[in-house]
Amino acid sequence: MAFRVGVIGGTFNPIHFGHLRVGVEVLEQTGLDQIMYMPNYMPPHRDAPTVSAQDRFMMCKLAVQGYPQFTVSDLEIRQGRLSYTIDTMRLLVEEHPDYAFSFITGSDSLVRFVWHKFDEILDYLECFYVMNRPGVNLAQLKAKLDEMHLRNYNKIFWVDAPGLDISSTYIRSILADGRTAKFLVPDSVLDYIRIRNLFKE
């Protein structure tokens, strides 16, 4: 039986407990064997992060220490260019042909953004898990998916789980103000931020 891996992509600028809790919820509800966090080099739908890709990768590595079902990939960072999910999944399948990959994203991301070659992305996946997010309900998601007329519609699954209302934007703002982000991000990540003097105005 294939090793089942769920991929969570993002800038992780910085990674926080909300990101980590999503991984736990998906593991418990889907039976996946592992969650792979994948910081991108440059996101397609937002401005490039001011913190380097290597720093964001290292913060992710620190955040998942001690939890063997979590891992971090530098695949998109190694590409050194704009990250599209279709290219990422193609490369992942080439590197790990014995794995069964799923992708995990928030409902807001799927509804509000245009996904490049979305049906082809689904060709590479066992499942595409959509997490509930504030402001986007299941009916809105279904309406969006109906508009797409997907061949692989049956691979998309809704994951109804309570999220932690934490954002990297908020964390960056309080760090820039010289305030503490304790209990929002793991202590190991906070130490790294302090040592590297990140997120200062």
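At what angle do the axes of helix α2 and helix α9 cross? In this predicted model, the axes of α2 (residues 53–64) and α9 (residues 187–196) come within 8 Å and cross at roughly 150°. Because an angle over 145 degrees counts as roughly antiparallel, α2 is described as roughly antiparallel to α9. The crossing of these two helices is right-handed. On the α2 side, the residues that take part are D55, M58, M59, L62 and A63, and they meet S188, V189, Y192, I193 and R196 of α9. Sorted by character, the residues of this contact divide into seven nonpolar, one polar and two charged.

A second place to explore is helix α4, which spans residues 85–95 and includes T85. Is T85 buried or exposed? With a relative accessible area of 17%, T85 is buried, because the cut-off for that label is under 20%. Leaving aside neighbours within four places in sequence, T85 is in contact with F103, W115 and I121.

Helix α7 (residues 138–148) is worth following from one end to the other. At its start, a side-chain oxygen of N137 reaches to within 3.1 Å of the backbone nitrogen of A139. After α7 comes H149, whose phi is positive, near 50°.

That positive phi leads to the backbone itself. Most residues other than glycine have a negative phi, and most peptide bonds are trans. Against this background, the loop between β1 and α1 is a good place to look, and F12 is found there. Although F12 is not a glycine, its phi is positive, at about 50°. The relative accessibility of F12 is 2%, so this residue counts as buried. Which kind of peptide bond joins N13 and P14? The bond is cis, with omega about 5°. P14 lies in the loop that runs between β1 (3–10) and α1 (17–30).

A further positive phi is found at K117, a residue other than glycine, where the value is near 55°. K117 sits in the loop between α5 (107–112) and α6 (118–123). How accessible is K117? Its relative accessible area is 41%, so K117 is partly exposed, whereas F12 is buried.

How values were computed:
Residues numbered from 1 in each chain as written. Predicted model: local features only at pLDDT ≥ 70, side-chain atom pairs only at ≥ 80, totals over all residues. Heavy atoms only, no water. Polar contact = N/O pair within 3.5 Å; in protein donor to acceptor, adjacent residues only side chain to side chain. Helix = DSSP H or I, 4+ residues; strand = E, 2+ residues; numbered from the N terminus. Buried < 20%, exposed > 50% of the residue type's maximum accessible area, 1.4 Å probe, protein only. Contact = heavy atoms within 4.5 Å. Axes fitted to C-alpha atoms, helices over the stretch in contact; angles between N-to-C directions. Parallel < 35°, antiparallel > 145°, perpendicular 65-115°, else oblique. Left-handed = near helix turned anticlockwise from the far one by under 90°. Nonpolar A, V, L, I, M, F, W, Y, C, P; charged D, E, K, R; others polar.
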